[in-house]
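Visitor: I have a model open and would like a quick tour. Can you take my questions as they come?

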Amino acid sequence: DKTGTITTGVFAVSRLAPANGVEGVDLLQAAADAEQQSNHPLARSILHTARQARVQPGAVQNYTEVHGRGVKATVSGDEILAGRAGWLLELRPEIRAEMEAVEAKLEGMSGVHVMRRGRYLGAVGLEDRVRPNAKTVVERIRELGARQVALFTGDRLTVAKRVGMAVGVDRVEAECLPEEKPDLILRLRE
């Protein structure tokens, strides 16, 4: 597993990637509004950045975590969604072109995509650091006889590939839900 094992699990906001016609501060405000009740590492990092930028999250009237997808919150009467790109595309396929333009700005980063009142606002790009000893640990696993070393993550493929290359794994499995990882490991053994 990548986050917290191969990487530190401590994320930092690296980039605000607003959609056309959206200000970065509005993207950050909506992301902070939606994520303020979440304890996910990405949410905590977004809230930390918002505090540093003096962005105050609004009062939440309703909040729901959608497993493996993101969060849905009602703040000041507005429905805000924050989470995976695929989830927002399922809900609003017509935002694909806008989202692809935003995704191009997040190459190699984890992204939290945001919609407010049905309007796509863009994504917050976050990065996690590889643990200093991770490559040595992967090499030691090989010395102990492992035929293949694989990295499993719920993160995007570009992030998984970047981390996998840095530590020298043979294979990466990206965008996995937590409950899918054990089955993927069992398939590798076949």
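Guide: The chat below goes from the overall fold to a hairpin, the pockets and one arginine.

Visitor: Experimental or predicted, what is this model?
Guide: This is a predicted model.

Visitor: OK. How many helices and strands does the protein chain have?
Guide: The protein chain has eight helices and eight strands. Its radius of gyration is 18 Å, close to the 16 Å from the globule rule for 190 residues, so the chain is as compact as a globular protein of that length. Along the principal axes, the C-alpha trace spans about 55 × 35 × 30 Å.

Visitor: What percentage of the residues is buried?
Guide: Buried residues account for 42% of the 190 in the protein chain. As for contacts between residues at least 6 apart in sequence, 58% of them join residues at least 24 apart.

Visitor: Switching to β2 and β3. In which sense do they pair?
Guide: Antiparallel, over six bridges. Val 60 is opposite Val 75 in β3.

Visitor: And what sits between those two strands?
Guide: β2 and β3 form a hairpin with three residues between them. Gly 68, in the turn, has a positive phi of about 70°.

Visitor: Pockets next. How much space is in the largest pocket?
Guide: About 1100 Å³. The largest pocket is lined by 43 residues, and those closest to its centre are His 40, Leu 42, Gly 68, Arg 84 and Gly 154. Gly 68 is the residue in the hairpin turn.

Visitor: Which elements supply that lining?
Guide: Among those that supply at least two residues each are α3 (41-52), β2 (60-66), β3 (70-75), β4 (78-83) and α7 (157-167). By class, the lining has 15 nonpolar, 15 polar and 13 charged residues.

Visitor: What about the second largest pocket, how much space there?
Guide: About 250 Å³. Its lining includes Ala 146, Val 149, Phe 152, Ile 185 and Arg 189. α8 gives the largest share of that lining, three residues. The classes are six nonpolar, one polar and two charged.

Visitor: Last one, Arg 116. Where does it lie?
Guide: Arg 116 lies in strand β5 (residues 110-116). β5 also supplies at least two residues to the lining of the largest pocket.

Visitor: Buried or exposed, and why?
Guide: Arg 116 counts as buried because its relative accessibility is 14%, and the cut-off for buried is under 20%.

Visitor: What is Arg 116 in contact with?
Guide: Leaving aside neighbours within four places in sequence, Arg 116 is in contact with Gln 29, Ala 30, Asp 33, Val 75, Asp 78, Glu 79, Ile 80 and Leu 121. Of these, Val 75 is the residue opposite Val 60 in the β2 and β3 pairing.

Notes: Residues are numbered from 1 along each chain as its sequence is written. This is a predicted model: local features need pLDDT of at least 70, side-chain atom pairs count only at pLDDT 80 or more; totals for chains, interfaces and linings use all residues. Side-chain values use heavy atoms; hydrogens and water are left out. Helices (H or I, at least four residues) and strands (E, at least two) are DSSP runs, numbered from the N terminus. Buried means under 20% relative accessible area, exposed over 50%, partly exposed in between (1.4 Å probe, protein chains only). Contact means heavy atoms within 4.5 Å. On a 1 Å grid over the protein atoms alone, a cavity is a set of points where a 1.4 Å probe fits but cannot get out, and a pocket is an open set with protein on both sides within 12 Å along at least five of seven lines; lining residues have an atom within 4 Å of a point. Grid points are joined across faces, edges and corners, and a volume is the space filled by probe spheres set on the points. Ala, Val, Leu, Ile, Met, Phe, Trp, Tyr, Cys and Pro count as nonpolar, Asp, Glu, Lys and Arg as charged, and the others, Gly among them, as polar. Two strands pair if DSSP finds at least two bridges between them. The radius of gyration is taken over C-alpha atoms; the globule rule is 2.2 Å times the number of residues to the power 0.38.
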